[in-house]
Amino acid sequence: MTVTEIQQETISSNAVSTQRRVLVVEDEPTIAESIAARLGAEGFKVAVAHDGPGAVDGFHTWQPDLVVLDVMLPGFDGLEVCRRIQAQRPVPVLMLTARDDETDLLVGLGVGADDYMTKPFSMRELAARVNVLLRRVERAQQAARTPALGSLRFGELEIDHVQRRVRLGAGDVHLTPTEFDLLACLAAQPRAVLTREQLLAEVWDWTDASGTRTVDSHVKALRRKIGASWIRTVHGVGYALEAPLS
């Protein structure tokens with residue numbers, strides 16, 4: 001059965017389903033099947049693509065709520081897939097990589113991925129991260145319906161909770177959903193040092209301190225977009241939002 005046939009079968013059988021849809025993009029059949037089985041057991045509707053072009057086509061036709069995306073793919077790689085699907089419609093992306101290389105991870109975050117996992121990984125943790133990303137989308141939708149949250153201004157930096165937009169000076173800054181939540185969390189207590197564990201709990205809903213490197217990578221990606229001087233590192237502790245010195 002081809003990739004297209006798998007997707008079409010899934011579409012027709014679940015056309016009226018209200019369950020969340022996850023598109024798994026992975027060229028290794030064993031890994032793809034394992035992820036699909038685990039997410040299916042968690043109650044998600046799952047479709048699978050095995051290459052870059054199939055992923056983009058499947059995203060367009062199946063309209064998933066979230067994408068689990070491997071970096072190394074035939075056709076074109078997961079970074080290009082991420083660029084193309086985010087251009088169609090913003091969607092949470094959990095990126096999978098076989099290389100524990102921080103540069104690759106930052107590139108992935110830069111093209112619109114919200115989180116990443118390095119192979120090999122626990123299927124239990126993958127399912128947990130998928131659930132966290134989807135809960136974040138729900139919180140964002142709820143915030144958009146609550147105009148009272150308004151905007152927060154910190155020097156030249158403005159954070160609009162309703163539109164989930166960030167402006168720096170006269171220009172807009174494009175942030176991923178995770179980057180926005182991280183910045184909003186830091187800005188809610190300006191100048192206060194928040195530990196990595198606090199940020200994991202607030203932004204990612206995690207209580208496992210093993211994810212602190214995820215915080216560090218997202219902070220680096222955020223600094224690339226708003227400027228390094230906005231976020232102060234307190235070594236061995238965490239981060240604080242501070243206006244840069246003029």
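**The surface and the whole chain**

Display the molecular surface of this predicted model. The protein exposes about 11700 Å², and carbon and sulfur atoms supply 52% of that area. Next, switch to a cartoon view, in which nine helices and twelve strands make up the secondary structure. Of the 246 residues, 48% count as buried. Consider also the contacts in the protein with a separation of 6 or more: residues 24 or more positions apart account for 59% of them.

**Strands 1 and 2**

Select residues 21-25, which form strand 1, together with residues 45-49, which form strand 2. The two strands run parallel and are joined by five bridges. To see one pair of residues, pick Val 24, which stands opposite Val 48 in strand 2. As a general point, strands of a sheet pair through backbone hydrogen bonds, either parallel or antiparallel.

Now add residues 29-41, which are helix 2. Strand 1, this helix and strand 2 together make a right-handed β-α-β unit. Is strand 2 enclosed or open to the outside? Four of its five residues are buried, so strand 2 is largely enclosed by the rest of the structure.

**Strand 3 and its neighbours**

Move to residues 66-70, which are strand 3. Here five of the five residues are buried, so strand 3 is largely enclosed by the rest of the structure. In a regular strand the side chains alternate between the two faces of the sheet. Show the side chains of strand 3 and look at each face in turn: Leu 66, Val 68 and Asp 70 lie on one side, Val 67 and Leu 69 lie on the other, and all of them are buried.

Which strands pair with strand 3? One is strand 1, which pairs with strand 3 in the parallel sense over four bridges. Within this pairing, Val 25 stands opposite Leu 69. Another is strand 4, residues 93-97, which runs parallel to strand 3 and is joined to it by four bridges. Select helix 4, residues 78-88, as well: strand 3, helix 4 and strand 4 make a right-handed β-α-β unit.

**Asp 70**

Centre the view on Asp 70, which is found in strand 3. The UniProt annotation, from an unreviewed entry, reads "modified residue: 4-aspartylphosphate" and covers this residue. Asp 70 has a relative accessible area of 3%; because buried means under 20%, this residue counts as buried. In strand 4, Leu 96 stands opposite Asp 70. Leaving aside neighbours within four places in sequence, Asp 70 is in contact with Val 25, Glu 26, Asp 27, Gly 78, Leu 96 and Lys 119.

**Three places to inspect in the backbone**

From Lys 119, step to Pro 120: a cis peptide bond joins these two residues, with omega at about -5 degrees. Pro 120 has its place in the loop between strand 5 (115-118) and helix 6 (123-144). Most residues other than glycine have a negative phi, and most peptide bonds are trans.

Then select Gln 63, in the loop between helix 3 (52-62) and strand 3. The phi of Gln 63 is near 55 degrees, a positive value in a residue other than glycine. At 40% relative accessibility, Gln 63 counts as partly exposed.

Go on to Arg 191, in the loop between helix 7 and strand 10 (194-195). Although Arg 191 is not a glycine, its phi is positive, at about 75 degrees. Is Arg 191 buried or exposed? With a relative accessible area of 53%, Arg 191 is exposed.

**Asp 181 in helix 7**

Select residues 177-187, which are helix 7, and find Asp 181 among them. Asp 181 is buried, with a relative accessible area of 13%. Its side chain is joined to that of Arg 164 by a polar contact of 3.0 Å. Not counting residues up to four places away in sequence, Asp 181 touches Arg 136, Arg 139, Arg 164 and Val 203.

**A three-stranded sheet**

Finish with strands 10, 11 and 12, which form an open sheet in the order 10-12-11, with antiparallel pairing. Strand 10 and strand 11 (231-234) stand at the edges, each with a single partner strand, so one side of each is left without a neighbour in the sheet. Strand 12, residues 238-241, pairs with strand 10 in the antiparallel sense over two bridges. To locate this pairing, select Thr 195, whose bridge partner in strand 12 is Gly 238.

Terms used. Residues numbered from 1 in each chain as written. Predicted model: local features only at pLDDT ≥ 70, side-chain atom pairs only at ≥ 80, totals over all residues. Heavy atoms only, no water. Buried < 20%, exposed > 50% of the residue type's maximum accessible area, 1.4 Å probe, protein only. Contact = heavy atoms within 4.5 Å. Areas by Shrake-Rupley, 256 points an atom, 1.4 Å probe, with all protein chains shown as cover. UniProt positions renumbered as here; feature names shortened; annotations may be inferred. Polar contact = N/O pair within 3.5 Å; in protein donor to acceptor, adjacent residues only side chain to side chain. Pairing = 2+ DSSP bridges. Right-handed = clockwise from strand over helix to strand, strands pointing away.
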